[in-house]
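Student: I would like to go through this structure step by step. Could we take it one question at a time?

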Amino acid sequence: MDTEIVVKKNFKYRLYPSAAQTIALDTQLAEACRLYNAALQERRDAYRMAGKSLNYCDQANQLKDIRAAGDLGLVNAQCAQDVLRRLDKAFKAFFKRIKRGKTPGYPRFRSASRYDSITFPTYGDGAKLLDNGKLRVQGVGQVKLKLHRPIEGTIKTVTVKREAGKWYAVFSIECEPRPLPPSTEKAGLDVGLRAFAALSDGTEIENPRYYKEAQASLRRAQRKVARRKRGGNNRKKAVRDLQRAYAHVRNQRADFAHKVSRGLVIVFGLIVIENLNIKGLAGGMLAKSVNDAGWSSFITKLTYKAAEAGRVLLKVDPRGTSQRCVCGAPNPKTLSQRWHYCEICGLSVTRDHASALEIMRLGLSLLGGTWPT
Ligand SMILES: [Zn+2]
């Protein structure tokens, strides 16, 4: 029996609103932000004054009255519910961290300039792609959209987003898996410190060179902001430039992650990676967080692409993968030791290659010898 797999992914497109539409979009975001902050204030007050915790339902039940009284400029009802759900999420995360014995910051008020998106949780209600190629957004009108690649699957939600002064629509979709021809090829993947990743077959995936250049321009933009006086127009402009630089890095990274994950999924039937979410990672593992931002976005893409293609993706415990040999012999190395040599079995490869082999071995042992060799 086949397990039913639903593939979820996002399609992001640039929007080109007119000047009037831009104002309307800004207004919708500002109103969503106002609702968010008001709901947060209400939760704080309820707790401080009555020792009462409000939940999502308590707050959503009031929306009808608020809207009826004309007190909310956010025109779509479900969109408003989504704002309250975001706040609820923030609180749930807050309480979860407390439960774990941490001391998290209380959910904070958001500034309008940083409240950057609204979500229409039911496609067709409040936002819809029209036959003329435009996106109809309730309260805004028909906004020009550049469909640079076709949307596949069933659209579930639409998020309208402001990023560094540009506007985007993100469609979250669900579709059926489209299996690729079966492959018995397998790969263990190790997060690199210098390279992006090392494969168990010895291949290294380099970080693209433009990363370095982008990092440099990011640092320049940051310094510029730091030098400008607060409140001045020059600072505003510098902040905008910094946001643009960030957006640029994000887009490049996403593009790279798409390409690499797609390439891996085409070739390999089994892919094994480390589960870097495991708590208590220490020492050498911390250094890997250098690559974190890029890695987690890569894993997200790899996960849905593997599911869609019917590939097996396994996550294994990362502890000790760089301190053992695939033959089972301990092989302690400091971070600066880049070469792996095992006196027991004679394996002599780069450190990352050895880790990738060990990751592969852990993955195969999870499968209990069911993978063809
Ligand atoms: Zn060995």
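Student: Among contacts in the chain between residues at least 6 apart in sequence, what percentage join residues at least 24 apart?
Tutor: Keep in mind throughout that this is a predicted model. The count takes in contacts between residues at least 6 apart in sequence, and then asks what part of them join residues at least 24 apart. For this chain that part is 69%.

Student: How many helices and strands does the chain have, and what percentage of the residues count as buried?
Tutor: The secondary structure comes to eight helices and 14 strands. Buried means under 20% relative accessible area, and of the 373 residues of the chain the part that counts as buried is 41%.

Student: How many salt bridges does the structure hold?
Tutor: Side chains of opposite charge can pair when their charged atoms come close. The chain has 67 positive and 33 negative side chains. The number of salt bridges that the structure holds is 17.

Student: Which residue forms a salt bridge with Lys9, and where does that partner lie?
Tutor: The partner of Lys9 is Glu308, and the closest N and O atoms of the two are 3.2 Å apart. This pair links distant parts of the chain, 299 residues apart, with Lys9 in strand β1 (residues 7-16). Both Lys9 and Glu308 are buried. The partner is therefore Glu308, which lies in helix α7 (residues 292-309).

Student: Why does the salt bridge between Glu163 and Lys12 tie together separate parts of the chain, and how many residues apart are they?
Tutor: The closest N and O atoms of Glu163 and Lys12 are 3.1 Å apart. Glu163 lies in strand β6 (residues 154-163) whereas Lys12 lies in strand β1, so the pair ties together parts whose separation in sequence is 151 residues.

Student: Is Lys12 buried or partly exposed?
Tutor: Its partner Glu163 has 9% relative accessibility and so counts as buried, since the cut-off for buried is under 20%. Lys12, in contrast, has a relative accessible area of 28%, which makes Lys12 partly exposed.

Student: What separates Arg86 and Asp82 along helix α3?
Tutor: Arg86 and Asp82 form a salt bridge, with the closest N and O atoms 3.3 Å apart. Arg86 is partly exposed, at a relative accessible area of 24%, while Asp82 is buried at 11%. Because the two residues are four apart in helix α3 (residues 77-99), what separates them is about one helical turn.

Student: Which residues are joined into one network by salt bridges that share partners?
Tutor: Such a network arises here where salt bridges share partners. Its members are Lys12, Lys161, Glu163 and Arg250.

Student: How far does helix α8 reach from its first C-alpha to its last?
Tutor: Helix α8 (residues 351-366) has 16 residues, and at 1.5 Å a residue a reach of 22 Å is expected. Its buried residues include Ile359, Met360 and Leu362, and just after α8, Gly368 takes a positive phi of about 60 degrees. The reach of α8 is close to the expected value, at 23 Å.

Student: Which residue in the loop between β6 and β7 has a positive phi near 50 degrees?
Tutor: The loop in question lies between β6 and β7 (166-175). The residue is one other than glycine, and at 12% relative accessibility this residue counts as buried. The residue with this positive phi is Ala164.

Conventions
Residues are numbered from 1 along each chain as its sequence is written. This is a predicted model: local features need pLDDT of at least 70, side-chain atom pairs count only at pLDDT 80 or more; totals for chains, interfaces and linings use all residues. Side-chain values use heavy atoms; hydrogens and water are left out. A salt bridge is a side-chain nitrogen of Lys or Arg within 4 Å of a carboxyl oxygen of Asp or Glu. Buried means under 20% relative accessible area, exposed over 50%, partly exposed in between (1.4 Å probe, protein chains only). Contact means heavy atoms within 4.5 Å. Lys and Arg count as positive and Asp and Glu as negative; His and the chain ends are not counted. The place of a charge is taken as NZ of Lys, CZ of Arg, CG of Asp or CD of Glu. The expected span of a helix is 1.5 Å times one less than its number of residues.
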